[in-house]
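This briefing introduces the side-chain contacts of one structure to a reader who is meeting it here. Please keep the sequence and the three-dimensional view at hand while reading.

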Amino acid sequence: MPVSVRAVRGATQLDVDDREQMLERVSEMVLDVMSSNGLEVDDFISVIFTATADLHSEFPAYAARQLGFGEVPLICARELEIAGSMPRVVRMMAHVETDLPRADITHVYLHGAAALRSDLTRVRSVPDQA
């Protein structure tokens with residue numbers, strides 16, 4: 001099969017704005033996106049991270065850099081501040097090269113962010129333990 005460019009999404013929610021938790025949760029999200037879609041770092045073209053306005057302890061991209069994404073273009077941006085939106089959320093949209101059809105891409109939503117996209121047909125949601 002030919003290799004295509006696909007976008008894969010992910011999101012995670014932090015309990016608190018803490019640098020260590022930021023690095024831990026973003027690393028978990030990136031690694032889960034990779035394992036759920038059979039991806040290696042070399043498959044990534046670029047990654048856009050967004051964070052809600054209540055997160056400022058660390059750049060989410062730094063967690064990806066620690067995972068070996070040093071040569072992958074990464075950028076961080078601020079998420080829109082919409083009334084009633086979920087707090088302490090980091091989102092990612094990665095552009096990857098893969099032989100997976102678009103319908104087989106698995107998007108990953110972890111912790112509280114698992115509630116964000118229950119409408120997707122291929123989503124790996126991992127809510128916090130109650």
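How many aromatic pairs does the count come to? In this predicted model, the count comes to one aromatic pair. The rings in question are those of F44 and F69, and because their planes stand at 75 degrees, over the 60 degrees that the term requires, the pair is edge-to-face. Alongside this pair, the structure holds four salt bridges, and the points below take up the ring pair before turning to them.

**The aromatic pair**

- The centres of the F44 and F69 rings lie 4.9 Å apart, which is within the 6.5 Å that the pairing rule allows.
- F44 belongs to strand β2, which covers residues 44-51, whereas F69 sits in the loop between α2 (60-66) and β3 (74-78).
- Because the two residues lie in these separate elements, the pair ties together parts that are 25 residues apart in sequence.
- F44 is buried, its relative accessible area being 6%, and F69 is likewise buried, with a value of 1%.

**Salt bridges around R19**

- R19 forms a salt bridge with E58, in which the closest N and O atoms are 2.6 Å apart.
- R19 lies in helix α1 (residues 19-37) and E58 in the loop between β2 and α2, so this pair ties together parts that are 39 residues apart in sequence.
- The side chain of R19 also meets that of E20 in a salt bridge, with a distance of 3.5 Å from N to O.
- R19 counts as partly exposed at 33% relative accessibility, while its partner E58 is buried, with a relative accessible area of 18%.

**The salt bridge between E79 and R91**

- The side chains of E79 and R91 meet in a salt bridge, at 3.7 Å from N to O.
- E79 is found in the loop between β3 and β4 (89-98), and R91 is in strand β4 itself, so the pair ties together parts that are twelve residues apart in sequence.
- E79 counts as partly exposed, at 22% relative accessibility, whereas R91 is buried because its relative accessible area of 15% falls under the 20% limit.

**The shared network**

- Which residues are joined into one network by salt bridges that share partners? They are R19, E20 and E58.

Conventions:
Residues numbered from 1 in each chain as written. Predicted model: local features only at pLDDT ≥ 70, side-chain atom pairs only at ≥ 80, totals over all residues. Heavy atoms only, no water. Phe/Tyr/Trp six-rings, centres within 6.5 Å; stacked < 30°, edge-to-face > 60°. Helix = DSSP H or I, 4+ residues; strand = E, 2+ residues; numbered from the N terminus. Buried < 20%, exposed > 50% of the residue type's maximum accessible area, 1.4 Å probe, protein only.
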